[in-house]
Amino acid sequence: MSNANQPSNRRDFLKTVGLVGAGIAAATSGCASHSTQVVTTPSRPTGAKYMGDFAAPKLETVRWGAIGVGARGSGAVSQLAQIEGSQIVAIADLYEDWAKNAGKAVEKLGKPAPALYYGAPDKYHEMLARPDIDAVVICTPWEEHAPMAIAAMEAGKHAFVEVPMAFTIADLWKVIDTSERTGKHCMMMENCNYNREELMFLNLARQQVLGEILHGEAAYLHPLREQMMEVNRGTGSWRTKYYAIPNGGNLYPTHGLGPVAQYMSLGRTEDTFERLVSFASPGRGRDLFAKAKFPADHKWNQMKFQCGDITTQLIKTKLGRTIMVQWDETNPRPYSRHDLLMGTKGTVAGYPARAAIEGWGDTEEWSENEKFEKLYEKYEHPLWKRMGEIAKKMGGHGGMDFIMRSRIVECLRNGEPLDQNVYEGALWSSVRPLSSKSEQEGGAPQLFVDFTRGHWQTTIPLGIIG
Ligand SMILES: NC(=O)c1ccc[n+]([C@@H]2O[C@H](COP(=O)([O-])OP(=O)(O)OC[C@H]3O[C@@H](n4cnc5c(N)ncnc54)[C@H](O)[C@@H]3O)[C@@H](O)[C@H]2O)c1
């Protein structure tokens, strides 16, 4: 079955992701100073309200609809079906067999069979019309995230969308405006914020063990070019075309950045993102892979993979703090999210886990292994203490997926604000279009958009959740 929802050619695709007309598809040189830039913030439409600390009315049971049950969505559905007070009511996917497999997996858990919607790209709208769905989990290709999240909120459901929230600044605004107008949650599900190491670093930052935080480093370095072997359906079938975007920027910024942004409480009270610069290496690995694995007339060999293989952003915050972000999904290299946080009294880092903290031995040397375990003994995050064991059994990237999904259900059932608000999802995702623009302008600084319209200054930082 062909995916009728996918743009038919490269130009249509670039149009979809907002790169035609904006002049971004063509490389240019030149350098604009950030001081010459004006970022206009559209005024909040009448009747819309700020959603930063939003808590929805309590739900006794969270009744889910799922859109997209491929590699990611099938796991989401099966875990959500197993969480107390959470039920999978319906599933929508393009493919009949994938929808049925996900439905059967729910039944095998002894749960009622979900209703299935499949066979056409717009079938999910029928599912959204059901009155017995409270929330929708969206695990589809990137270009579908914004329209599907918007449709879910318009249909009166809370939207939970995979990373990134949207691909363009215009689409991020549409998501924000819809959430504010409908009074529905829209959370970008950044699961890495719930990993054991990241949770402990959050705890260390909140307890000021590292002193004044000055700098962070974040990344997504994960060789994924083998996904190109999925030609007709599956992740590689839709994701591969993105690497052909010239000056595409950091296509997947949020796994490393989400946690670092919450350590620094960016977009909440004291500080927020101000501007970034971005530089990319040449794009080589995908062309080489296509040549090595596919015949000359194959569609992957007809594409020119012009997005830089590795891109690096430097972000300056309003308080003058810095964050380095990197992304590479192509070349063979050890996996890393960097996960580094540096303060006046210490630094912690991931991949491999290391720390140098005043009072914990010689701060001139990295303390490793054993000492790091001692840090866990003292500063393990309460959420990991409470759920770590079950999370490891339930799996999903070492347990972080289960903790995130459990927290979503818990917040909805308790009528509490979610751990990640709609503006954080938008801010973290906006690194993609801003880095693309910076690369297109020869590395010129780009100002961040204030999706909160000034409200970040009154939004309380994420606390330590027990
Ligand atoms: N947070 C994480 O750790 C993590 C890990 C993997 C993937 N992801 C994200 O999950 C998303 C999905 O990735 P994947 O690897 O599962 O891709 P996939 O191709 O395996 O799954 C996508 C699914 O969406 C379905 N789909 C597409 N258009 C649809 C439509 N109009 N209606 C209904 N269903 C539709 C497809 O049929 C497919 O089943 C991506 O955004 C990806 O970035 C996140």
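Two residues count as in contact here if their C-beta atoms, placed from the backbone, lie within 7 Å. With that in hand, the place to start is the overall layout of the chain, keeping in mind that this is a predicted model.

The domain assignment splits the chain into domain 1, made of 10-25 + 193-388 + 420-458, and domain 2, which covers 62-190. Taken over C-alpha atoms, the centres of domain 1 and domain 2 sit 25 Å apart. Where the two meet, 24 residues of domain 1 are in contact with 21 residues of domain 2. On the domain 1 side, the elements giving two or more residues to this meeting surface are α8, α9, α15 (422-429) and α16 (431-440). Of these, α15 gives the most, with six residues. As for character, the domain 1 side that touches domain 2 breaks down into 10 nonpolar, 12 polar and two charged residues.

Next comes the ligand. Its shell is made up of 27 residues, and the closest are Gly 68, Gly 70, Arg 72, Leu 94 and Thr 235. Several elements chip in with two or more residues each: α2 (71-82), β2 (86-93), α5 (142-154) and α8 (235-239). The biggest giver is α2, which supplies three residues to the shell. Sorted by type, the residues around the ligand come to 14 nonpolar, nine polar and four charged. Where does the ligand lie with respect to domain 1 and domain 2? Both domain 1 and domain 2 give residues to the shell, so the ligand lies between them. Helix α8 turns up twice in this picture: it gives residues to the shell around the ligand, and also to the side of domain 1 that touches domain 2.

Helix α9, another of the elements on the domain 1 side that touches domain 2, also packs against a helix of its own. The axes of α7 (residues 196-206) and α9 (residues 254-263) come within 9 Å and cross at roughly 20°. Angles under 35 degrees count as roughly parallel, and that makes α7 roughly parallel to α9. The crossing of these two helices, α7 and α9, is right-handed. From α7, the contact is made by Glu 198, Phe 201, Leu 202 and Ala 205, while α9 brings Pro 259, Gln 262 and Tyr 263. Together, the residues of this contact between α7 and α9 split into five nonpolar, one polar and one charged.

Note on methods:
Residues numbered from 1 in each chain as written. Predicted model: local features only at pLDDT ≥ 70, side-chain atom pairs only at ≥ 80, totals over all residues. Axes fitted to C-alpha atoms, helices over the stretch in contact; angles between N-to-C directions. Helix = DSSP H or I, 4+ residues; strand = E, 2+ residues; numbered from the N terminus. Parallel < 35°, antiparallel > 145°, perpendicular 65-115°, else oblique. Left-handed = near helix turned anticlockwise from the far one by under 90°. Nonpolar A, V, L, I, M, F, W, Y, C, P; charged D, E, K, R; others polar. Near = placed C-beta within 6 Å. Domains from an automatic or database assignment.
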